[in-house]
Amino acid sequence: MDASSAQRFRASRVDDRGGPVHERVVDGPGFPCRHCLALGKPGETMLLASWDLPLPQGPYWAPSPIFVHADGCPHNVLHDSLPETVTVNALVSLRHYDAAGMVLYDLGVVVAGEAAEAALRARLADPRVAYVNIHTARPGCWLARVEKEA
């Protein structure tokens, strides 16, 4: 998630659907910050908001519920690895898209979070893939976008 979206939710307390941003105190698993890519720690306050995903555009576009740290956190972009917000999930969905934002159905897969990196690497080799959105498989919340390095 880009820094400007995270900051907008913190400042305005209004989400992208015009609803209120909700505060939640971390009291167990399930609070993955989309901005710093770390899990919320017990006692931390997280914001829950509906975010208009920047990609894909077109028929596969969808908003997603997301968490961000309420008090701010450093923006994080990982290279050549997946964040714990993905790997600790019981099941994640890898949704592959081409450059036009069309889903590549034949590559989509649901795997355990700990197996996501191997599944992702195998499919990123496909020349049609421009990026992959990773979601929680059960509720469908967006976790991260993976882009091919040029």
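Buried means under 20% relative accessible area, exposed means over 50%, and partly exposed is in between, with a 1.4 Å probe and protein chains only. By that yardstick Asp-126, with a relative accessible area of 17%, is buried. The views below come from a predicted model, in which local features need pLDDT of at least 70, side-chain atom pairs count only at pLDDT 80 or more, and totals for chains, interfaces and linings use all residues. Residues are numbered from 1 along each chain as its sequence is written, and side-chain values use heavy atoms, with hydrogens and water left out.

**View A. Asp-126 and Arg-128 meet in a salt bridge.** A salt bridge here is a side-chain nitrogen of Lys or Arg within 4 Å of a carboxyl oxygen of Asp or Glu. For this pair the N to O distance is 2.8 Å. Arg-128 is partly exposed, at a relative accessible area of 37%, while its partner Asp-126 is buried. Searching the whole structure turns up eight salt bridges. A network of salt bridges also links Asp-80, Glu-117 and Arg-121.

**View B. A salt bridge joins Asp-52 to Arg-17.** The closest N and O atoms of the two side chains are 2.8 Å apart. Which distant parts of the chain does the pair link? Asp-52 belongs to strand 2, and Arg-17 to the loop between helix 1 and strand 1 (22-25), 35 residues apart. Helices (H or I, at least four residues) and strands (E, at least two) are DSSP runs, numbered from the N terminus. With a relative accessible area of 51%, Arg-17 is exposed; Asp-52, at 23%, is partly exposed.

**View C. Arg-8 has two partners to look for, Asp-16 and Phe-9.** With Asp-16, the side chain of Arg-8 makes a salt bridge of 2.4 Å, N to O. The charged end of Arg-8 also sits over the ring of Phe-9, 4.8 Å from the ring centre. That description applies if NZ of Lys or CZ of Arg is within 6 Å of the ring centre and within 35 degrees of the ring normal. Arg-8 counts as partly exposed, at 33% relative accessibility.

**View D. The largest nonpolar core has 19 residues.** A nonpolar core is a set of buried Ala, Val, Leu, Ile, Met, Phe, Trp, Tyr and Cys residues joined through side-chain atoms within 4.5 Å. Met-1, Phe-9, Trp-51, Ile-66 and Val-68 have the most contacts inside the largest one. Helix 1 (3-12), strand 2 (45-52) and strand 3 (63-69) each give two or more residues to this core. Strand 2 provides the largest share, four residues. To explore from one residue, start at Ile-66: leaving out residues up to four places away in sequence, its contacts include Met-1, Phe-9, Leu-47, Trp-51 and Trp-142. Contact means heavy atoms within 4.5 Å. A second, separate core has 18 residues, including Ala-116, Leu-120, Ala-144 and Val-146.

**View E. Helix 3 (residues 116-124) has a buried side.** Ala-116, Ala-119, Leu-120 and Leu-124 are its buried residues in this view. They share one side of helix 3 because they cover an arc of only 130° around the axis. The arc is that of the directions from the helix axis to the C-beta atoms. On the face turned away from the buried side, you will find the exposed residues Ala-118 and Ala-122. The cover over the buried residues includes helix 2 (84-87), strand 4, strand 5 (109-111), strand 6 and strand 7 (142-147).

**View F. Tyr-97 and Tyr-131 form a stacked aromatic pair.** Four aromatic pairs are found in the whole structure. This one has 5.1 Å from centre to centre and 15° between the planes. Rings of Phe, Tyr and Trp (its six-membered ring) pair if their centres lie within 6.5 Å; planes under 30 degrees apart count as stacked, over 60 as edge-to-face and the rest as tilted. Tyr-97 lies in strand 4 (residues 92-97) and Tyr-131 in strand 6 (residues 131-136), so the pair ties together parts that are 34 residues apart in sequence. Both Tyr-97 and Tyr-131 are buried.

**View G. Thr-136 is found in strand 6.** Is Thr-136 buried or exposed? At 9% relative accessibility, Thr-136 is buried. Setting aside residues up to four places away in sequence, Thr-136 touches Asn-89, Leu-91, Ser-93, Cys-141 and Leu-143.
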